[in-house]
Amino acid sequence: MDQLKMIGDVKNVPTYIEKAKDKNDPFRLMGFGHRVYKNRDPRAQELKKLQDKLREELNLDSKLLDVAAAVEEAALSDEYFIKRGLYPNIDFYSGVILTALKIPVEMFTPIFVIGRIPGWISQWSELKQDPTAKIARPRQLYTGKQHQSGNKKRRLHNMSELVKFTVDGRELEAQKGSLLIDSLLDRDIHIPHFCYHQALGKDGNCRMCMVEIEGQKRPQIACDTPVKEGMVVRTKGENIEKVRRDILELELINHPIDCPTCDQAGECKLQDYY
């Protein structure tokens with residue numbers, strides 16, 4: 001919804017469509033495409049019908065609806081989006097509908113949860129009543145926290161070439177070319193992250209480990225940023241907190257809310273960060 005507000009007016013839609021197609025532009029068009037459905041999301045088509053019906057029945061006069069409709073029309077007629085199977089997903093329509101109904105963004109997640117509660121209860125009930133049922137996680141076995149003090153010590157003291165850099169006003173040293181996120185975690189400087197693990201290497205999917213680096217136009221992910229001599233890094237601040245908050249909102253909208261049956265329930269970083 002923040003994106004539609006940023007576009008602001010129907011006349012600005014063509015400009016933002018072109019920005020979305022430019023790989024060198026940081027702008028990304030939210031609400032299009034899906035991890036599972038590589039073409040039209042069947043749920044989105046039904047929600048689109050509901051959106052049109054509500055607009056007529058409730059006489060919704062929302063400028064955001066007009067902008068959303070213009071974005072949808074432009075994207076569906078553009079060969080760039082068609083070739084890549086980037087169609088409006090369910091979040092594109094649900095967010096527009098809830099906003100048009102004057103429901104605040106911070107209430108979106110509770111509303112999404114309400115629709116899932118019957119499924120959660122049914123699944124939990126079936127699991128308890130049928131001892132042969134295997135419909136719940138965990139799919140992995142937790143064996144406890146890994147002890148990496150030896151590896152940490154070797155990374156900190158067995159370095160051929162050290163560089164100095166600053167993090168939140170604190171001067172640090174690390175091996176030239178090593179990842180910024182490793183340097184932070186090794187020194188118990190917490191940086192929010194979901195997809196990164198020191199034993200597995202960088203992935204760069206969650207984007208939660210964003211930091212501000214002096215001289216860079218926009219925040220960078222710490223899991224794909226090598227440390228350099230003289231680098232000045234900020235992990236805190238109003239701007240970076242807003243970026244992370246926006247990422248969390250996106251994660252929550254797209255993340256399956258299966259907390260009662262999730263193996264991470266009670267130890268969930270998504271819950272903690274939010």
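## Strand β3 and its partners

Met210 and Glu212 point one way from β3, while Val211 and Ile213 point the other way, and all of these residues are buried. In a regular strand the side chains alternate between the two faces of the sheet. The structure discussed here is a predicted model, and this should be kept in mind throughout.

Strand β3 pairs with β4, which covers residues 220-221, through two bridges, and these strands run antiparallel. Within this pairing, Met210 has Ile221 of β4 as its bridge partner. The hairpin of β3 and β4 has six residues between the strands, and Gly215 in this hairpin takes a positive phi near 100 degrees. Strand β3 is also joined by two bridges to β5, residues 232-234, again in an antiparallel arrangement, and here Glu212 stands opposite Arg234 in β5.

## Strand β1, its hairpin and its link to β5

In β1, the covered face consists of Val163, Phe165 and Val167, whereas the uncovered face consists of Leu162, Lys164 and Thr166. Six bridges join β1 to β2, and the two strands run antiparallel; in this pairing the bridge partner of Val163 is Ala174 in β2. Strand β1 also pairs with β5, but in the parallel sense and over two bridges, with Val167 standing opposite Val233 in β5.

Which residue in the turn between β1 and β2 has a positive phi? The hairpin has two residues between its strands, and Asp168 in the turn has a positive phi of about 50 degrees. Asp168 belongs to the loop between β1 (162-167) and β2 (170-175), and it counts as partly exposed because its relative accessible area is 36%.

## A second aspartate with positive phi

Asp188 is a residue other than glycine, and its phi has a positive value near 60 degrees. This residue lies in the loop between α9 (180-186) and β3 (210-213). Is Asp188 buried or exposed? Asp188 counts as exposed, because its relative accessibility is 65% and the exposed class begins over 50%.

## The second largest pocket

The second largest pocket has a volume of about 150 Å³. Its lining includes Ile213 and Glu214, together with Gln216 and Gln220, and also Asp224, Thr225, Pro226 and Lys228. Gly230, Met231 and Val232 are further residues of this lining. When the lining is sorted by class, it has four nonpolar, four polar and three charged residues.

Two strands described above therefore reappear at this pocket, since Ile213 is in the lining and belongs to β3 (210-213), while Val232 is in the lining and falls within β5 (residues 232-234).

## Aromatic pairs

How many aromatic pairs does a search of the whole structure find? The search finds three, and one of them is formed by Tyr80 and Phe81, whose rings are edge-to-face, with 5.3 Å from centre to centre and 80 degrees between the planes. Tyr80 counts as partly exposed because its relative accessibility is 23%, whereas Phe81 counts as buried because its value is 2%.

## The chain as a whole

The chain has 11 helices and five strands, and of its 274 residues 35% count as buried. Among contacts between residues at least 6 apart in sequence, 59% join residues at least 24 apart.

Note on methods
Residues are numbered from 1 along each chain as its sequence is written. This is a predicted model: local features need pLDDT of at least 70, side-chain atom pairs count only at pLDDT 80 or more; totals for chains, interfaces and linings use all residues. Side-chain values use heavy atoms; hydrogens and water are left out. Rings of Phe, Tyr and Trp (its six-membered ring) pair if their centres lie within 6.5 Å; planes under 30 degrees apart count as stacked, over 60 as edge-to-face and the rest as tilted. Buried means under 20% relative accessible area, exposed over 50%, partly exposed in between (1.4 Å probe, protein chains only). Helices (H or I, at least four residues) and strands (E, at least two) are DSSP runs, numbered from the N terminus. Two strands pair if DSSP finds at least two bridges between them. On a 1 Å grid over the protein atoms alone, a cavity is a set of points where a 1.4 Å probe fits but cannot get out, and a pocket is an open set with protein on both sides within 12 Å along at least five of seven lines; lining residues have an atom within 4 Å of a point. Grid points are joined across faces, edges and corners, and a volume is the space filled by probe spheres set on the points. Ala, Val, Leu, Ile, Met, Phe, Trp, Tyr, Cys and Pro count as nonpolar, Asp, Glu, Lys and Arg as charged, and the others, Gly among them, as polar. Contact means heavy atoms within 4.5 Å.
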